[in-house]
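Dear colleague,

I am passing on the structure below, and I would be glad if you would look through it before reading my notes. The notes follow the order in which I would go through it myself.

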Amino acid sequence: MCSERKKNNRESILRKRAKQKEAYLKRLESEGRYDPNKIPLTKPDPERWIPKSQRSYNRRGRGRGGGGGRYNNKSNVGAQGGGAGAGMEKDAAKLDVAARVAAKASGGGDGSGKPSTANIKVSSSGTTRKGKGGKRR
């Protein structure tokens, strides 16, 4: 008996709600603020119930442990200055001993094509430059 009463009560509440909604939409339509034939351009945000700091499009506010944010950028993993930059091939060519030996055997020198500057003496103008005198603080 009690469950039947609850069921009737719920149905009456839903009927009342539907009637109120219909009256509200009619009023909006008469004011020109609602068009039942118009399709909404944007859908509501599906993540609107999740806290802002946890939403997928929120990059900030995740902290150091979250995965994302300023200090956890996973694309910047590794040593400073390391990686496959523009000069990486050049450095690798300098360190490749087998390639240097092959180039020397073929008469290419060290592989750069320029003469070596290892034995050139650097000359100065002859005058010595005086530094700042006195005690440094």
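**What holds R55**

The backbone oxygen of I50 lies 2.8 Å from a polar atom of the side chain of R55, and the backbone oxygen of R48 lies 3.2 Å from a polar atom of that R55 side chain. Please keep in mind that this is a predicted model, so the distances here are computed from predicted coordinates. R55 itself sits in the loop between α1 (2-31) and α2 (88-95), and with a relative accessibility of 10% it counts as buried, because the cut-off for buried is under 20%. The side chain of R55 also meets that of D45 in a salt bridge, at 3.7 Å from N to O. This pair links distant parts of the chain, although D45 and R55 both belong to the loop between α1 and α2, where they are 10 residues apart. D45, with a relative accessible area of 27%, is partly exposed.

**The other salt bridges**

How many salt bridges does the structure hold? There are three, and as a general point, side chains of opposite charge can pair when their charged atoms come close. Besides the pair already described, E31 meets R27 through their side chains at 3.7 Å, N to O, and the side chain of E31 also forms a salt bridge with that of R33 at 3.5 Å, N to O. E31 and R27 are both in helix α1, four residues apart, which is about one turn of the helix. In general, an α-helix has 3.6 residues a turn, so residues three or four places apart point the same way. E31 is partly exposed at 44%, R27 is partly exposed at 45%, and R33 counts as exposed at 58% relative accessibility. Because these salt bridges share partners, R27, E31 and R33 are joined into one network.

**Helix α1 and the confidence**

The 30 residues of α1 should span 44 Å at 1.5 Å a residue, and the end C-alpha atoms of α1 are indeed 44 Å apart, so the two values agree. Helix α1 is hardly covered, since just one of its 30 residues is buried, and just after α1 comes G32, with a positive phi of about 85 degrees.

As for confidence, the mean pLDDT of the chain is 75, with 62% of its residues reaching 70 or more, while the lowest mean, 76, is found in α2 and the highest, 91, in α1. Where pLDDT is low, the predicted coordinates should not be read in detail.

With best wishes

How values were computed
Residues are numbered from 1 along each chain as its sequence is written. This is a predicted model: local features need pLDDT of at least 70, side-chain atom pairs count only at pLDDT 80 or more; totals for chains, interfaces and linings use all residues. Side-chain values use heavy atoms; hydrogens and water are left out. Helices (H or I, at least four residues) and strands (E, at least two) are DSSP runs, numbered from the N terminus. Buried means under 20% relative accessible area, exposed over 50%, partly exposed in between (1.4 Å probe, protein chains only). A polar contact is a pair of N or O atoms within 3.5 Å; within protein, one must be able to donate a hydrogen and the other to accept it, and residues adjacent in sequence count only if both atoms are side-chain atoms. pLDDT is the predictor's confidence in each residue, from 0 to 100. The expected span of a helix is 1.5 Å times one less than its number of residues. A salt bridge is a side-chain nitrogen of Lys or Arg within 4 Å of a carboxyl oxygen of Asp or Glu.
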